[in-house]
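Let's take a walk through this structure together, starting at a pocket and then following some strands.

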Amino acid sequence: MIYANSLRLLVPVAVMAMSVSVSTRANAQSFSDLAAFGGLIVSPSGAFTPIGSENGQTVAEHTALSFRYTGWRYDIDDAVHNNMAVTYAHRIGGSRFSLSFTGAYLQLACSCAVWASGGVGLKTMLWSSNSTRTTASRAAHVALDLTTGGARYSGPGHAIAKASSGVLDIGIGVATFKHTRLSIALHPGIGYGQLESVDATGHGTRALLGASMSWRMPMGLSLDVGVQRIVLAGGPTQFGGGLSWRGK
């Protein structure tokens, strides 16, 4: 099958098991589509489900540290792809901009070889329903999250991935019992991915669509869950979660 042969050339078999397991619906995808998907899903720009937090204020927290996990597979015959990461974010002074750094790796459940990756992000608040400096019990926001980074495969071929993305964070938050807070957000966006290997190189863009929920406790700790798709016919849905600490 032409599709499978092209994909085997593009991405190491140990990482992209869709060369043998993806459904026939993906046959219509171009080489650029597959390269974009592959570059994004191994890099921080697309590898992890989004984290959304509405703190009821007009700016993000001063500091945030997140431990993240995202897993995906094509079907029950495919191995689970495990993504682990640590993300540190810091607000730039009193502005609405936050800078973040992510270190991560992706490993198949059946393989010792990994994709090691890193990325940097810039997030800015575009709009907030709260116009005061106090914390609102109910609030909504729209933010823009820009990320870029890359990854390298430790197995045969040492393939390289590069990716960037721009994603909106459209969220709402409400104060709940005992000074806790619940946040829900949608995350539509677009991403660019590139894969380089000994056999082939490709690049392209794909739409991103995600959703997240965060439950924050009084001391700044929060439980985060999310879902995301790098839009590709026959492609997998990513599910993730994590633990974050946010300091004022």
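Begin with the largest pocket, which has 14 residues lining it; Asn55, Thr135, His179, Arg181 and Arg216 are the ones nearest its centre. Keep in mind as you look that this is a predicted model. How much room does the largest pocket offer? Its volume comes to about 320 Å³. As for the chemistry of the walls, the lining of the largest pocket is made up of 4 nonpolar, 6 polar and 4 charged residues. A word on how such spaces are found: rolling a probe the size of a water molecule over the atoms shows where empty space is left.

Now turn to the strands, and pick up strand E1, which covers residues 63–72. E1 runs antiparallel to E2, and 10 bridges join the two. To find your place in this pairing, look for Gly71, which sits opposite Asn82 of E2.

E2 itself spans residues 81–91. Which of its residues belong to the covered face? They are His81, Asn83, Ala85, Thr87, Ala89 and Arg91. The uncovered face of E2 carries Asn82, Met84, Val86, Tyr88 and His90.

From E2, carry on to E3, its antiparallel partner over 11 bridges. The hairpin of E2 and E3 has 5 residues between the strands, and in this hairpin Gly93 adopts a positive phi near 55°. Two cross-strand pairs help you line the strands up: Val86 stands opposite Gly103 in E3, and Tyr88 stands opposite Phe101 in E3.

Strand E3, residues 97–108, has side chains that alternate along its length. On one face, Ser98, Ser100, Thr102, Ala104, Leu106 and Leu108 are buried. Phe97, Leu99, Phe101, Gly103, Tyr105 and Gln107 point to the other face and are not buried.

What does E3 pair with besides E2? Strand E4, residues 114–128, joins E3 through 11 bridges, again in the antiparallel sense. Phe101, which we met opposite Tyr88, also stands opposite Val120 in E4.

Let's end with one residue of strand E4, Leu126. Is Leu126 buried, partly exposed or exposed? Its relative accessibility is 47%, so Leu126 counts as partly exposed, since that class lies between the 20% and 50% cut-offs. Setting aside neighbours within four places in sequence, Leu126 is in contact with Arg96, Val142, Ala143, Leu144 and Leu168. Of these partners, take Leu144: 18 residues separate Leu126 and Leu144 in sequence, while their C-alpha atoms are 6.8 Å apart in space.

Conventions:
Residues numbered from 1 in each chain as written. Predicted model: local features only at pLDDT ≥ 70, side-chain atom pairs only at ≥ 80, totals over all residues. Heavy atoms only, no water. 1 Å grid on protein atoms, 1.4 Å probe; cavity = no way out; pocket = protein on both sides within 12 Å on 5 of 7 lines; lining within 4 Å. Points joined across faces, edges and corners; volume = space filled by probe spheres on them. Nonpolar A, V, L, I, M, F, W, Y, C, P; charged D, E, K, R; others polar. Buried < 20%, exposed > 50% of the residue type's maximum accessible area, 1.4 Å probe, protein only. Helix = DSSP H or I, 4+ residues; strand = E, 2+ residues; numbered from the N terminus. Pairing = 2+ DSSP bridges. Contact = heavy atoms within 4.5 Å.
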